Amino acid sequence: MTRAEGVWIWLSRVRGLGAGRARQLVEFFGGEEALLAAQEPELREAVGEALAASLLEARRQEEINDHVRACRRAGVRILTPASPAYPEALRDIYDPPCALYARGDLGLLQGERLLTLVGTRRHTSYGRRITEKLAAELARAGLTIVSGLAEGLDSVAHRAALDAGGKTIAVLANGLDVAYPAAVGPLQEEIARKGLLVSEYPPGTRASRATLLPRNRLLAALSRATLVTEAGQRSGTLLVAGLAVEYGRELMTVPGNIDSPASYSTNRLMRTSAETVLCSRDVLQAFGMADAEDGEDGPPAAGRQAAPAGQAVPAGQAAPAVTEEEERVLQALRREPLSFDELIARTQFSAAKLNSLLTMLELKGIIDQSAGRTYATKS
Amino acid sequence: MLSTVTSCGRQGIEGYPMRVEVDVRDGLPMVDVVGLPDAAVRESRERVRTALRNSGFPFPVAQITINLAPADIKKEGPWYDLPIALGILAASGRIPQERLRGALALGTLSLDGSLAPVTGALPMLLAARRAGIERALLPAQNARECACLSGIALYPVESLRQAAAFLCGEAEIAPLTPVRYADLAEDVRPEVDLASVRGQYAARRALEIAASGGHNLLLIGTAGSGKTMLARCLPGILPRMTEQEALETTVIHSVSGEVSGGLMTRRPFSAPHHTTSAVALIGGGRAAAPGEISKAHNGVLFLDELPEFPRAVLEALRQPMEDGVVTISRVNARCVYPARFQLVCAMNPCPCGNYGSRTRTCRCTPHEVQRYLSRISGPLLDRIDMVVEMDAVEPDEVFGPAAAPAEDSETVRRRVERVRAAQNARYAGEDFFCNARLPANRLEEICNPTKDARDALALCMRRLQLSMRGYARVLRIARTIADMAGEARVQAEHVAEAASYRGTNEKYWK
C-alpha cells in the first residue's frame, strides 16, 4: 500500500465524509501527500470543526494498516483512486468511491467491454427469459455482465453469464462477506471464484437504504452501456438508468407489452432516452462488436431459433421429441404467453388433457409457467 | 309421595337416559336439588315454581327433594325443567304416575309455563331410542330437527299445561310423523352452483378431482380470482349425504344449537375467520363444545387467507385430520366429536394479492412474497394433496359473449358419485375409504402404474425434484384421475396431470 492509497483508505473511513467531499478535499490540498501533512487548523479551516475532528480521529496509521491486513487475509483487495487497478470509468464521475473492495478477477475492471444489465426483482417469465437469453449470448460474445446481485433479474443475469462460461461482475451494496438477501449467497461465492465482486463498503457492512442508493452510481458508471430488460413503475432499476444517462453512458431497454406492468418503465424509457434492444446484436453494435449490415435476427415466431452457430445447444442434447398434441399447444404458445383458460379456448382440449400435456411439456423443458399460471415457451 | 320421570342428559354429543326423582312430603317448605346439578339445573327450581303457578297449578307447600339419577354424573343444562315440573305434579297427585311410565320428558320452562327449545335434543332422543324408550315429550320448537327419528313416538309440547293435560288423558297431542330421509334428500340444491363460476377450467377440474378422491385442496390466486366462490361449490358436488352421515352432522349442529330446519341434508360448509382461536376451531371451552372442524364433519372446512391463521391454530388441525375425530378433555368431561372433513384452503400469492397478475402491479418484494408463503406450516402443507393456481379472470371474460354456459353442480356431482362408488367398492373392508387416504405402503399395489406411467413418474421425480411425500401425493391424485377415466391402472397421462397439482414447485415453496 502506497502512502497515497493509505490517504484514500483513511478518507473512506471518516464518518460523515462523502465520496464527493473526499475527492474535493484531496484536490483542495493539492494531492494526497499534502492532505496527509495538513495540520489541524488547516483542516478546520477547510472543512469546519466537526468534520476536521472526525478526520483527525480516523487518521491513525496503525488502524488503517490493520484494516488493510484484515481485508487481505480475507482475500479482499482495496482499490483507491491512487491505485493503478482502479477502474478508469469511475474516475470521471463526481463522486468516485474512495475505496473499492474487490474480490476475484481484478482484470475484469480494466476491460472496455463492460455491460451493466439490470432489471426488476419482480419480473415476469418474459423478463426472465429475455434476461437469460441476452446475458448468455452477450457474455459468450465477450462482454462482461455487470449487475447488482439483487434477487430477480440481476441474479438471473449473473447466473446466465456464468453458465455461458462468460465473465460477470457483481456490485454489492454491502460488505463482500455479507449476503443480502441471504438467498444469493451461493451465487455470490461462485462469482467471487469465477468473476469479480466489488463494493464500496468494508466487510461486515449490511445493506441498507443508505448503501443501496449510492451503489446504483457504480452500476451506472462502471460500464459503457446499461441495459434494462424489465422494470415496472417504481423499480429501483430506474435510478441506475437515470444515472447512466447522467454519466453519458448508453442506455438500452428491451420493449415489453404496453399493458404489462412489469414493462411500464422500460417502454417509457424507450420513448425518452433509451435505445431499443431487440436482440443481442443490437447491444454488440453499440460496443462496435457486430456489423450493422449483418441484418436482423430471424423473427422470433420462426420457432425456437438456433443461437449463433454452434453455441446455444450443448452438444449431445437433442431437442426432445414432441407429440402431435403437444405440438398443438406449442403452436399456440409460440405466438404469446397464455393463461390456462386462454389455452383451453385456443386448443379446445379438455382441462384434464391440457393439464397433462402442459406438465409433459414442462418436464421436457420446453415451456415454463410463472405465477398466475401463465405458460410460455422457453427461449 | 314419590314419583319418577325419565329424562335425558348429555355429555358432548353422547346422550344418556336418566331419572328425575321427586319426593314431596309434609315438613318445612323447601326445595332441594341433589345429584351433581350445575348452576342452570339448580336455578330450575325458581323457573319450575313460577311456571307451575302461572300454569294454574299450586306449588306444593311441602318438603320437596329432587334427585337427578345417576348421581355420579354432573348434570348440565336447563332441560330438566319439564321433568322436574311433571315430577312435582305427579308426586302431589295431579298426574297419574303410571302415565309417566315409559315416557321421556325434556324441555326448558319459561316463567309463563311455555316450553323453550333445548340444545342437543337430537342426540338425547337418539340415546333414548337406544334405551328402548317409546314415547317422548319435547319442546315443539325442537320438533323439526328430531322429526327424522322413527321407532320412538315424539310429542311436541307447547306448554307445561298442555303436557299435564296430555298426561292426564284430558287432551291429545298428535305425535310427529317420521320424515323419510329419501324424501328430504330429494331436492337438495347446492348453496352455490358451479354453473355460476366463469372460466377457471383448471380450477374446476381440480375441484372435481378433489371431490372425487377426497383430496385436500389449496387454492392460490390473486385477489378477486374467485377462490372463495369455488370453494363454496365443493359441498354441492360431493356425493349426497347418507342418512347416517346426515344424522351425525345434524347431531353436532344440534349440540351447538344451530339447527334451524330439520335434518341437515346439505353437506356443511364451515368457514372460520382467520382470527378464530384454536379452541373455537378444534372445540373445547368450559362446556367442551364442538368446534368448527366438527361442524364441518362430513362436509368442507374452508380456511380463507391461510397465511393469516396463527401457526398454533393450524398445527392444532393436524391430529384431527389424521384421526377424523377430535377428543376434548375437560376437568369433568371428556368428549369425542367426529371431525371428518375435507379441507379447502385459499390464499393470495403475496401480501398485496397481485403477484402473478398480468394487469395489476404487485408491490411486494420477492422477500416479502417468500416470507408470506413460508408462513404456512409445513406439516399442514404435507396434508394438502393438491395445490391449484387460479387464473385472474378479467372483467370482459366474465361479462363478454365468449363466456359459454358452464356445467352445473348437479352434472358434476353425478360423475363424482360414480367415482366415489367405485372407490367404496374397491376399499370395502379396508380402514380407508377414498384415494386421499391411501396409505403409502399400498400405493404401488392399488395404483398399479403402467410402464409408461412409471417412466413419467421417474421423470417427474427427477425434473421436479419431488420428495417421497410428493411422489405419494402425485400417485394418489393420479389414482383418482384414473378412476375418473374408468381405468384400472394408472396411465402416464394421469401421472402427468396429477403432477400439475403439486404445489411445491420453484415458484412457491422452494
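Here are some short exercises on this structure, each with a worked solution.

The model is predicted, so that local features need pLDDT of at least 70 and side-chain atom pairs count only at pLDDT 80 or more, while totals for chains, interfaces and linings use all residues. Residues are numbered from 1 along each chain as its sequence is written, and chains are lettered from A and ligands numbered from 1 in the order in which they are written.

**Exercise 1. Find the domains of chain A.**

Into which domains is chain A divided?

Step 1: Mark residues 3-74 as domain 1, 107-294 as domain 2 and 324-377 as domain 3 of chain A. These bounds come from an automatic or database domain assignment.

Step 2: Take the centres over C-alpha atoms; those of domain 1 and domain 2 of chain A are separated by 32 Å.

**Exercise 2. Describe how two helices of chain A pack.**

At what angle do helix H15 and helix H16 of chain A pack?

Step 1: Locate H15(A) at residues 324-335 and H16(A) at residues 340-347. Helices (H or I, at least four residues) and strands (E, at least two) are DSSP runs, numbered from the N terminus.

Step 2: Read the geometry: the angle is about 115 degrees, and the axes are 10 Å apart. Axes are lines fitted to C-alpha atoms, for helices over the stretch in contact, and angles run from 0 to 180 degrees between N-to-C directions.

Step 3: List the residues that make the contact. H15(A) brings Arg328(A), Val329(A) and Ala332(A), and H16(A) brings Leu343(A), Arg346(A) and Thr347(A). Contact here means C-beta atoms, placed from the backbone, within 7 Å.

Step 4: Sort them by class: three nonpolar, one polar and two charged residues. Ala, Val, Leu, Ile, Met, Phe, Trp, Tyr, Cys and Pro count as nonpolar, Asp, Glu, Lys and Arg as charged, and the others, Gly among them, as polar.

**Exercise 3. Place Arg128(A) in its surroundings.**

Is Arg128(A) buried or exposed?

Step 1: Look in helix H8 of chain A, residues 125-140, where Arg128(A) has its place.

Step 2: Count its neighbours. Arg128(A) is buried because 21 other C-beta atoms lie within 10 Å. A residue is buried with 20 or more other C-beta atoms within 10 Å of its own, exposed with 12 or fewer, and partly exposed in between, with C-beta atoms placed from the backbone.

Step 3: Leave out residues up to four places away in sequence; Arg128(A) then touches His123(A), Leu153(A) and Val156(A).

Step 4: Follow the chain to Ala157(A), 29 residues apart from Arg128(A), and find their C-alpha atoms separated by 8.7 Å.

**Exercise 4. Build a sheet of chain B.**

In what order do the five strands of the open sheet in chain B lie?

Step 1: Write the order as S11-S14-S17-S10-S18, with parallel pairing. Two strands pair if DSSP finds at least two bridges between them.

Step 2: Identify the edges: S11 (269-270) and S18 of chain B each pair on one side only.

Step 3: Join S10(B), residues 217-220, to S18(B) by four bridges. Here Leu219(B) stands opposite Val388(B).

Step 4: Check both faces of S18(B), residues 386-389. Met386(B) and Val388(B) on one side are buried, as are Val387(B) and Glu389(B) on the other.

Step 5: Add H8(B), which lies across S10 and S18 of chain B and runs at about 160 degrees to S18(B).

**Exercise 5. Look at where the chains meet.**

How many residues does the contact take from chain B and from chain A?

Step 1: Count 31 residues from chain B and 26 residues from chain A.

Step 2: On the side of chain B, find the helices H8 (201-213), H15 (366-374), H20 (451-464) and H22 (492-499), which give two or more residues each.

Step 3: Class that side of chain B: eleven nonpolar, ten polar and ten charged residues.

**Exercise 6. Spot unusual backbone values.**

Most residues other than glycine have a negative phi, and most peptide bonds are trans. Which residues does a cis peptide bond join in chain A?

Step 1: Find Tyr180(A) and Pro181(A), where omega is about -10 degrees. Pro181(A) is in the loop between strand S5 (167-172) and helix H10 (185-194) of chain A.

Step 2: In chain B, a cis peptide bond joins Ala69(B) and Pro70(B), with omega about 5 degrees.

Step 3: Turn to Glu305(B), which has a positive phi near 55 degrees. Glu305(B) is partly exposed, with 14 other C-beta atoms within 10 Å.

Definitions and conventions: Two residues are in contact if their C-beta atoms, placed from the backbone, lie within 7 Å.
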